[in-house]
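Trainee: Could we go through how to read burial, contacts and surface charge in a model?
Mentor: Let us bring up the sequence and the structure, and then take these features in turn.
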Amino acid sequence: MDTDAPAETVVRPSKIVLSPDDPLGAAARAAIAQGVEALKQMQAGAVAGEVESLHQLRVTTRRLRAAIELFAGVLHGSRVRVYKRDLPWLGQAAGMVRECDVVGDLIRTRSAKLDPQMAEALAPIYDALAERRNAEHQAFLVMASCKRCVLLLERLSQPMIRKVDAGTTVRSKAAVMIRPMARSVVRAGSRLAEDSPPEWFHRLRVRVKRLRYAFEMLAPLGGKRHKKALARLVATQDLLGLYQDGVAAIAWMRSHCASEAVPPATLLAAGALIQSLLKRQRKLSARCLKRWKRLERKGMIREAIAEIGRRAHTAPVPALEVVDAA
């Protein structure tokens, strides 16, 4: 299995940008169909264990989850429940493999700050991480071919849409649909502090990411405030992602060193690396909180949604546009 295939060999799936004047039902079908097509596009590479394909498969499931949440009022409740149950399961299976790649990259980067001999003692850590990646990839292969996964793709390919007035368009309901997602983000960040547990930072990251994807889908209804809020959401998501990578690396090394027969020199190097990562985490938590507070204090999300609402009464914009995914 070649896990070092260059990222540029993988064609990233496109993301959908909704046409404001499409009926809600048609828009929901288009958004989900785009997600399903992206899943299929990434499937072969993910099965082969390609790093970028696994990453894009994971991103695609997250974009689908955002689309499901945005159109939850249009989709039949039973299907929404299935999607919300099974899409996280699919994403997690790919994510477990992807996490091994991310942890390995972070360990290599941070080990450059250690004494060279101590850094060399980390070799058993890399070997163990490679073994874990292989095991997680095997589990992913089983999942990808199981009946539950096949049935999920079938249900996504045939979404059940509620009866909606033909005159109800994305334009007329966009602000209403995205507002609950924005409230969820604000709630997740409301009690955040520098010393909050990692789970709180992770919860905020998930909600920020989902709101970002929803904003991207509604880009034609946005203006300057929308673009500004979206840029800040992306920056906040990226910073929270760096923090989460550290959490995963520390947790894995602690678990491995506690449960396996690790050479003394490797234990010493792992301990030094964990201390280095903990120092990094403290800095990142402060930066994450500062960036989130700035985003919240300036009311960028609220202003962007208000802008989308105002544009519901403007002239029609061009039809469906597909752009390259970020």
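Trainee: Leaving aside its neighbours within four places in sequence, which residues is Gln-281 in contact with?
Mentor: This is a predicted model, in which local features need pLDDT of at least 70 and side-chain atom pairs count only at pLDDT 80 or more, while totals for chains, interfaces and linings use all residues. Residues are numbered from 1 along each chain as its sequence is written, and side-chain values use heavy atoms, with hydrogens and water left out. Contact means heavy atoms within 4.5 Å; beyond its neighbours within four places in sequence, Gln-281 is in contact with Leu-242, Tyr-243, Gly-246, Val-247 and Ile-250.

Trainee: Is Gln-281 buried or exposed?
Mentor: Buried means under 20% relative accessible area, exposed over 50%, and partly exposed in between (1.4 Å probe, protein chains only). Gln-281, placed in helix H10, counts as buried because its relative accessibility is 7%, whereas Lys-283, also placed in helix H10 (residues 264-297), is exposed, with a relative accessible area of 54%.

Trainee: Where does Thr-60 lie, and which residues is Thr-60 in contact with, leaving aside neighbours within four places in sequence?
Mentor: Thr-60 lies in helix H2 (residues 51-70) and is buried, with a relative accessible area of 5%; apart from those neighbours, Thr-60 is in contact with Pro-13, Gly-35, Ala-38 and Leu-39.

Trainee: How far apart are Gln-92 and Phe-140 in sequence and in space?
Mentor: Gln-92, which is placed in helix H3 (residues 77-111) and counts as exposed at 51% relative accessibility, is 48 residues from Phe-140 in sequence and 9.3 Å from Phe-140 in space, C-alpha to C-alpha.

Terms used: Helices (H or I, at least four residues) and strands (E, at least two) are DSSP runs, numbered from the N terminus.
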